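Reader: I have just opened this one and do not know my way around. Can you take me through it?

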Amino acid sequence: LEGSANWTLTAKLSAQLTGNIGLTTYRYSLIDSPKPRTAVPVAHDLYSQSYRVDVNYSGSERFSSKVGLQVSRSQYVNLPAASTASNSEAHTYRADWRWTFRLLDGLTATQQNLVSADYSYYPFAPTSNRLSLDYGTLTTLNAVLTPRFTVDVTHNARLQPRGNYRPQAPKDPTEYFSRAEENRNYSLSSRMAYAPIPAISIELRPEYLTSIRNTTRDEALVPQRSSKSLKLSGGA
């Protein structure tokens, strides 16, 4: 079951709400019984629900913005008692913000920001509970310097810590995030295009990438892997 609702609050402000809920059941049986006998997959159910709220603002022809929040929950349930140890439940929270601003007639800036958290719970194996966080921002500048010469610059940054999410003591009611690893990725790229005449177009694409992976050792983050690269490509 799913549905949506839209509101036009003002001439510049609108909102949208969407939601869904579903249950899928998986049951298995053998059509034939070869030798040796084939194992039948475990019967299980998959339940899911989510909702999302979006707010759009169009201030003028030069500026617009959109903010969204999504919350979802899913459950994976094995029916036989012997298989319930792998039952799991996932909670996901995502917030994003996007805006576009035309600074000048030939210069436009666009940015996308994302924050998300994914919680994985195991009711019969709480020591395996996990939390994954994700922070990202993508910024783009589009410049039309002349009718024949355009430049696009894009910067992307992303931080992703992950680790266990569980009590520190057996009877502690509070769950804590113990960071086990962390990934950091950055990129800066550009695209320059020049058309001296309508029949010819020249393009250059430089790109710089940085990737860093840290792991936890003795309760402190230490570098595990780091890489940097510079790429140049072009064509006509």
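**Contacts, surface and charge**

Author: Start at Y51, which is in contact with T18, G19, L69, Q70 and V71, leaving aside its neighbours within four places in sequence. Contact means heavy atoms within 4.5 Å. This is a predicted model, in which local features need pLDDT of at least 70 and side-chain atom pairs count only at pLDDT 80 or more, while totals for chains, interfaces and linings use all residues. Residues are numbered from 1 along each chain as its sequence is written, and side-chain values use heavy atoms, with hydrogens and water left out.

Reader: Where is the place of Y51, then?

Author: Y51 sits in strand β3. Helices (H or I, at least four residues) and strands (E, at least two) are DSSP runs, numbered from the N terminus.

Reader: And is Y51 buried or exposed, or partly exposed?

Author: Y51 counts as partly exposed because its relative accessible area is 40%. Buried means under 20% relative accessible area, exposed means over 50%, and partly exposed is in between (1.4 Å probe, protein chains only).

Reader: What separates the C-alpha atoms of Y51 and A220?

Author: A distance of 37 Å, with the two positions 169 residues apart along the chain.

Reader: Stepping back, how many helices and strands does the protein have?

Author: Zero helices and 11 strands. Along the sequence the pattern reads β-β-β-β-β-β-β-β-β-β-β.

Reader: What is its radius of gyration, against a compact globule?

Author: The protein has 25 Å, where a compact globule of 236 residues would have a value near 18 Å. The radius is taken over C-alpha atoms, and the globule rule is 2.2 Å times the number of residues to the power 0.38. The C-alpha atoms fill a box of roughly 70 × 50 × 50 Å along the principal axes.

Reader: How much of the protein do buried residues make up?

Author: Buried residues make up 20% of the 236 residues. About 15700 Å² is exposed, and carbon and sulfur atoms supply 57% of that area. Accessible areas come from the Shrake-Rupley method with a 1.4 Å probe; for residues, only the protein chains shown count as cover.

Reader: Which residues make the largest nonpolar core?

Author: Five of them: A117, Y119, L131, L133 and Y165. Two elements give two or more residues to this core, β6 (107–121) and β7 (130–146). A nonpolar core is a set of buried Ala, Val, Leu, Ile, Met, Phe, Trp, Tyr and Cys residues joined through side-chain atoms within 4.5 Å.

Reader: What is Y165 in contact with?

Author: Beyond four places in sequence, the contacts of Y165 include Y119, L131, E175 and F177. F177 lies in strand β9 (residues 176–197) and touches L131, L133, P161, R162, G163, N164 and Y165, again not counting residues up to four places away.

Reader: How does F177 count for accessibility, and why?

Author: F177 counts as partly exposed because its relative accessibility is 30%.

Reader: Different topic. Which residues make the nonpolar surface patch?

Author: F101, L103, L104, L141, V153, L188, Y208, L230 and L232, over about 810 Å². β5 (88–104) and β11 (220–235) are the elements giving two or more residues to the patch, and β5 gives the most, with three. Patches are made of residues with over 30% relative accessible area and no salt bridge: like charges are joined within 9 Å, nonpolar side chains (Val, Leu, Ile, Met, Phe, Trp, Tyr) within 5 Å. L104, in strand β5, is exposed because its relative accessible area is 54%.

Reader: How many salt bridges does a search of the whole structure find?

Author: It finds 13. A salt bridge is a side-chain nitrogen of Lys or Arg within 4 Å of a carboxyl oxygen of Asp or Glu. R52 pairs with D54 at 3.0 Å, N to O, and D96 also meets R52 at 3.0 Å, N to O. The D96 and R52 pair links distant parts of the chain, with D96 in strand β5 and R52 in strand β3 (residues 44–58), 44 residues apart.

Reader: Why does D54 count as buried?

Author: Because its relative accessibility is 6%.

Reader: And what joins R205 and E203?

Author: A salt bridge between their side chains, at 2.7 Å, N to O. Salt bridges that share partners join D152, R191, E203 and R205 into one network. R205 is partly exposed at 39% relative accessible area, and E203 is partly exposed at 26%.
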